[in-house]
Amino acid sequence: MIEPYRSTPIFDEASLPEALRAEHRTKEDVWGVIRVLEGELVLTYLDPPSEMRLKPGLPGLIKPQQPHFVTPLGPMRMQVDFYHEPPAI
């Protein structure tokens, strides 16, 4: 199993940085997995356009340089893990 090389702190709806709520992307050759620990959030992909509702047990995969943003749906806790190759989720 592939292990992340880095993980963000755990964010809640109040501490989630504005940078994650606005359009952003991972770097080249960096995969991200958004893991919701409590509550729910919406992951919006911009290319191609789509949305995914994330909750515990249903993570969201971010491909390298894929533009996206997240929107909390009330109280929640989440973390992002980063990988150098496609992770199994």
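**Exercise 1. In this predicted model, find the volume of the largest pocket and work out what lines it.**

*Solution.* Start with the volume: the largest pocket comes to about 280 Å³. Next, look at the lining, which has 17 residues. Those closest to the pocket centre are Arg6, His24, Arg25, Thr26 and Phe82. Now go element by element: β3 (31-38), β7 and β8 (77-83) each give two or more residues to the lining. β8 gives the most, with 3 residues. Finally, sort the lining by character, and you get 9 nonpolar, 5 polar and 3 charged residues.

**Exercise 2. Work out how β4 and β5 are joined, and find the β5 partners of Leu43 and Thr44.**

*Solution.* First, place the strands: β4 covers residues 41-46 and β5 covers residues 49-54. They run antiparallel, with 6 bridges joining them. Then check the connection: 2 residues sit between the strands, and the pair forms a hairpin. Now read off the partners. Leu43 is bridged to Met52, while Thr44 is bridged to Glu51.

**Exercise 3. Put the strands of the open sheet in order and explain why β5 and β7 each have a side without a neighbour.**

*Solution.* Lay out the order first: it's β5-β4-β7, 3 strands with antiparallel pairing. β5 and β7 (68-72) stand at the edges with a single partner strand each, so one side of each has no neighbour in the sheet. As a last step, take the twist: neighbouring strands here are turned by 20° against each other on average, direction ignored.

Methods:
Residues numbered from 1 in each chain as written. Predicted model: local features only at pLDDT ≥ 70, side-chain atom pairs only at ≥ 80, totals over all residues. Heavy atoms only, no water. Pairing = 2+ DSSP bridges. Helix = DSSP H or I, 4+ residues; strand = E, 2+ residues; numbered from the N terminus. Axes fitted to C-alpha atoms, helices over the stretch in contact; angles between N-to-C directions. 1 Å grid on protein atoms, 1.4 Å probe; cavity = no way out; pocket = protein on both sides within 12 Å on 5 of 7 lines; lining within 4 Å. Points joined across faces, edges and corners; volume = space filled by probe spheres on them. Nonpolar A, V, L, I, M, F, W, Y, C, P; charged D, E, K, R; others polar.
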